[in-house]
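Okay, thanks for making room for me this week. I'll put the sequence and the structure up, and then we'll walk through the fold together.

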Amino acid sequence: MLMELASVIEKLGDMLPHLRQYEGQVAMPSRAGQPPPQPAPLGSLLEHWQKLFPGQKEKSAEPPPPPRSDTGLAAEFEQLLERLRHAALLFGRKQQVDGQKLQQATRELEQSPFRSAHTDNLLAELVRLDGDDHQPHIWALLEYYHAALRQLVEQERRCQSHHHELCAKLQQLIDELHFSGEIGDELGKIQQKLLQQVSISALPPLCLRLIELTIEGCRQERQNSATFLLKLNENLGEMHHNVAISLSEGQALLDARTHHGHHIAGELRAIGEHLVSQSNARLKEEIELRMRSITHIMAQHERLQEREQSLLNRMNAMEQQINELKNETAQYRQRLSAQNEKLFIDNLTQIYNRAAMEERLEVEYRRWLRHQDPLCIALLDIDHFKEINDNYGHLAGDKALRLIARIIQKSLRESDFVARFGGEEFVILLPGVNPDKLEKPLEKLREQIKNIPFRFKDERVTITASIGATLLRKGDCTTSAMERADQALYQAKRAGRNQIVVA
Ligand SMILES: Nc1nc2c(ncn2[C@@H]2O[C@H](COP(=O)(O)OP(=O)(O)OP(=O)(O)O)[C@@H](O)[C@H]2O)c(=O)[nH]1
């Protein structure tokens, strides 16, 4: 198009001298009988001109109005020609800039990791479209497409860097966990996986598994240290007993020896006094010699006694230390069991949580296997609880959950067990329940929940619960029994809620 425009401008330029000449002749009086000279054929040129600029609005490129047959036409024509040349120049420059932009966008597109095969075809088409009227639109679209791709690359880059950071943090965290056994092995495997880069979608489940493993590891560690403390306490108790025995025996021995020492010393003194009064010089000499030797032995004996006493003192101090240590380990053990309890307590309702339920169910199940005493599993789910949250707010929902948990706990026997299974669902274990009267405690529970006088936003609200229950049967495992209870709960819900179904 630019070339066509240049040829038009050239032709118009050629016409200008003709026009000037024509004007000059028109200005002079014509010779008689001679027709005035005609300007160059403008008709076909104008047609061409209008084809080039159909409906063109841009001021700088506005085509000149059709020339008038008038004096001053050449000047006006020249002016318009000048404007046309200028517009053509601007147009040419713009096309050049757009072309460069297109090249740049094309280059970047070719390098983009998100480029589809479809893009290549489009780019090839574009080359063929060179010079089309819609090219500016296509360039604009290409630019937008390119900008969108850039955003995608940027997002991916940012995402990747967060992903790497998260993987590195997880590895570091695993480094800090020193669990042994199967948990340690699995942590090692996860760390290996993280080293080899885990996909973004695989990270959340991996994190959940890490949480599970850490909780399990903590539980095991606590169990191990509780066992260790118990053993330590036993050993300390034994040591304490032995030290006490040694102490009392040592003291008795020391007392006896001191007594004997005094006795011998007394005897020796008596012999000495007796000897002074005797006259046999040789015998005296002999006995004095022996006496000195005995006195020497006595002195040694006394030193030994002193050493024994200091040993006894040290043993006494040791006994005191052992006693203190024993008290400390007993306190530590108490704290540990309190922490263990916490691991099994649901934060919101302060009743047992799902982990505690799983352990207890395992214990009750094994007991049931051994004794075949009836064991009932009941699932209790609050009806339309979402509406409570939606109508009165989450805090009101929390309050309701706390109250219902308390009511369930109160309604059960000492040997029964209740835990918050999750959300608004509770699991109840009734060991040793009478199968013929199974519905009685459950009915009482359902009724009690229905009668809780809830008040939210000054409105009296009735909350009901549905219960699905089952007794363990021959061939059952905990999972099959739980599934049956869940099915029963589902039926209770479908039957209109606020009811009990025993499957
Ligand atoms: N306030 C509060 N709401 C919870 C808690 N846990 C779960 N929920 C809500 O309990 C509601 C459970 O809703 P759904 O599973 O649809 O069941 P539902 O509304 O009780 O209906 P049905 O069980 O079919 O009768 C959801 O709105 C949860 O947000 C919690 O700890 N506190």
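**Walking through the model**

So, the chain has 13 helices and seven strands. Keep in mind that this is a predicted model. Buried residues account for 14% of the 503 residues in the chain. If you take contacts between residues at least 6 apart in sequence, 69% of them join residues at least 24 apart.

Let's go to the sheet. It's an open one, five strands, in the order 2-3-1-6-7, and the pairing is mixed. At the edges you've got strand 2, residues 417-422, and strand 7, residues 500-502, and each of them pairs on one side only. On average, neighbouring strands here are turned by 20 degrees against each other, ignoring direction.

Start at the strand 7 end. Strand 6, residues 465-471, pairs with strand 7 in the parallel sense, over three bridges. If you want a residue pair to click on, I467 has I500 in strand 7 as its bridge partner.

Now the helices on that sheet. Helix 11 packs on it and touches strand 1, strand 2 and strand 3, the last being 425-431, and the helix direction makes about 155 degrees with that of strand 2. Helix 13, residues 478-494, also packs on the sheet, touching strand 1, strand 6 and strand 7, with its direction at about 145 degrees to that of strand 6.

Over to the other edge. Strand 2 runs antiparallel to strand 3, and five bridges join them. F417, for instance, has L429 in strand 3 as its bridge partner. The two strands form a hairpin with two residues between them, and there G423 takes a positive phi near 50 degrees. So is this edge strand enclosed or not, you might wonder: how many of the six residues of strand 2 are buried? Five are, so strand 2 is largely enclosed by the rest of the structure.

Hang on to G423, though, as we turn to the ligand. There are 16 residues around the ligand, and the ones that come nearest are D383, F385, K386, G397 and G423. Strand 1 (375-382), helix 10 (385-392) and helix 11 (394-411) are the elements that give two or more residues to that shell. Which of them gives the largest share? That's helix 11, with four residues. By character, the shell divides into seven charged, five polar and four nonpolar residues.

To tie it up: helix 11 packs on the sheet, and helix 11 also gives the largest share of the ligand shell. Happy to rotate the model if anyone wants another view.

Conventions:
Residues are numbered from 1 along each chain as its sequence is written. This is a predicted model: local features need pLDDT of at least 70, side-chain atom pairs count only at pLDDT 80 or more; totals for chains, interfaces and linings use all residues. A residue is buried if 20 or more other C-beta atoms lie within 10 Å of its own, exposed if 12 or fewer, and partly exposed in between; C-beta atoms are placed from the backbone. Two residues are in contact if their C-beta atoms, placed from the backbone, lie within 7 Å. A residue is near a molecule or strand if its C-beta atom, placed from the backbone, lies within 6 Å of it. Ala, Val, Leu, Ile, Met, Phe, Trp, Tyr, Cys and Pro count as nonpolar, Asp, Glu, Lys and Arg as charged, and the others, Gly among them, as polar. Two strands pair if DSSP finds at least two bridges between them. Axes are lines fitted to C-alpha atoms, for helices over the stretch in contact, and angles run from 0 to 180 degrees between N-to-C directions.
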